[in-house]
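Student: I have a new structure on my screen and would like to learn how to read it. Could we go through it together?

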Amino acid sequence: MNELPLDLQILNTLAGLLLLISFAMLSQRRIVTLVKLLAVQGALLCIATLLLALRTGAHHLYLSAVLTLALKVIFLPWLLHRLIRRLGVYWDTEPLLNTTGTMLFGVLVVVFSFGLAQPIAALASTATRNAIGIAVAVVLIAFMMMITRRKATSQVVGFLSMENGLFFGAMSATYGMPMVVEFGVALDVLVAMLVLGVFFFQIREQFDSLDLKHLESLKEEQ
């Protein structure tokens, strides 16, 4: 039985750490810690992209790594920390599911993700195709965090974590997307963050809270 090359072993380890970070985010209620975990997730993506660039010699992956470092490790966490300080929102309220139930459901999501990704991994020709299941799990866990959290800031962190999972999935299946597409996605995420920042302040001004349950009380004007 041939032993995996060292770079693939490191990539698989990074994939496992990405999944562990997703579970940590799922159980975390302190929003500042959520943002720090998001930055760590971005750093792991950056390292994985660099390793894959060294393995394949694909020059566009170096640009992807730089873009990931600048946007997902530095700028977006800095912007979220700034919004948290300005809005004074440091803790999420009790989620729709308790922590135990959420983690158990997360385990079921992981099992489902590996079953869902198995046909895709069988068709992929990349050396990192075994990590596709982890990428799907990261996406679904992030989506789960979005629908179980009440604070708008936590849901935005879930949205950004979902984008990280999609990026990792594309990298695992096809060694990354074309550079034009990656720049387009990065621009979309940046614009979305700026719009959501304005949205945060509007919610806070209207309801003196970022709990989205207050939006349920809105009625259409007759």
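What follows is a conversation that moves from the whole chain to helix pairs and then to single residues.

Tutor: Happy to! Keep in mind from the start that this is a predicted model. A good opening step is to take stock of the elements.

Student: How many helices and strands are there in the protein chain?

Tutor: The protein chain has 7 helices and 0 strands. Read from the N terminus on, the order is α-α-α-α-α-α-α.

Student: Since the model is predicted, what is the mean pLDDT of the protein chain?

Tutor: pLDDT is the predictor's confidence in each residue, from 0 to 100. Here the mean for the protein chain is 76, and 71% of the residues reach 70 or more.

Student: Where in the protein chain is confidence lowest, and where is it highest?

Tutor: Helix α7, residues 179-207, is lowest with a mean of 57, while α2 is highest at 89. Look also at residues 218-222, where pLDDT stays under 50. For that stretch the model has 1 contact beyond four places in sequence.

Student: Now the helix pairs, please. How are two packed helices described?

Tutor: Two numbers do the job: the angle between the axes and the distance between them. Try it with α2 (residues 31-56) and α6 (residues 152-174), which pack at an angle of about 10 degrees with axes 10 Å apart.

Student: Are α2 and α6 roughly parallel or antiparallel?

Tutor: An angle under 35 degrees counts as roughly parallel, and α2 and α6 are therefore roughly parallel to each other. On the α2 side, the residues that meet α6 include Leu34, Leu38, Leu45 and Leu52. On the α6 side, Val157, Leu160, Phe167 and Phe168 are among them. By class, this contact of α2 with α6 has 12 nonpolar and 7 polar residues, with no charged ones.

Student: At what angle do α2 and α3 cross?

Tutor: Their axes cross at roughly 175 degrees and come within 8 Å. Angles over 145 degrees count as roughly antiparallel, so α2 is roughly antiparallel to α3. The contact of α2 with α3 has 20 nonpolar, 6 polar and 2 charged residues.

Student: Let me practise on another pair. What are the angle and axis distance for α1 and α5?

Tutor: The angle is about 10 degrees and the axes are 10 Å apart, so α1 and α5 are roughly parallel to each other. Leu18, Leu19, Phe23 and Met25 are among the α1 residues in this contact, and Ile134, Val138 and Ile141 are among those from α5. By class, the contact of α1 with α5 has 12 nonpolar, 2 polar and no charged residues.

Student: Next, the interior. How many residues does the largest nonpolar core have?

Tutor: The largest nonpolar core has 46 residues, and Leu19, Met25, Leu80, Ile141, Val157 and Phe168 are those with the most contacts inside it. The elements giving two or more residues to this core are α1 (6-27), α2, α3 (59-87), α4 (99-123), α5 (132-148) and α6. Of these, α2 gives the most, with 12 residues. For the protein chain as a whole, 46% of the 222 residues count as buried.

Student: Which contacts make up 76% of those with a separation of 6 or more?

Tutor: Those between residues 24 or more positions apart account for that share in the protein chain.

Student: Could we look at single residues now? Is threonine 49 buried or exposed?

Tutor: Threonine 49 sits in helix α2. Its relative accessible area is 0%, so threonine 49 is buried. Setting aside neighbours within four places in sequence, threonine 49 touches Leu61, Ser64, Ala65, Phe167 and Met171.

Student: What is the relative accessible area of isoleucine 147?

Tutor: Isoleucine 147 belongs to helix α5, and with a relative accessible area of 48% it is partly exposed. The C-alpha atoms of isoleucine 147 and glycine 158 are 9.0 Å apart, with the two residues 11 apart along the chain.

Student: And which helix holds threonine 99?

Tutor: Threonine 99 is in helix α4 and counts as partly exposed, at 40% relative accessibility. Threonine 99 and glutamine 28 are 71 residues apart along the chain, with their C-alpha atoms separated by 8.7 Å.

Technical notes:
Residues numbered from 1 in each chain as written. Predicted model: local features only at pLDDT ≥ 70, side-chain atom pairs only at ≥ 80, totals over all residues. Heavy atoms only, no water. Axes fitted to C-alpha atoms, helices over the stretch in contact; angles between N-to-C directions. Helix = DSSP H or I, 4+ residues; strand = E, 2+ residues; numbered from the N terminus. Parallel < 35°, antiparallel > 145°, perpendicular 65-115°, else oblique. Contact = heavy atoms within 4.5 Å. Nonpolar A, V, L, I, M, F, W, Y, C, P; charged D, E, K, R; others polar. Core = buried A, V, L, I, M, F, W, Y, C linked by side-chain atoms within 4.5 Å. Buried < 20%, exposed > 50% of the residue type's maximum accessible area, 1.4 Å probe, protein only.
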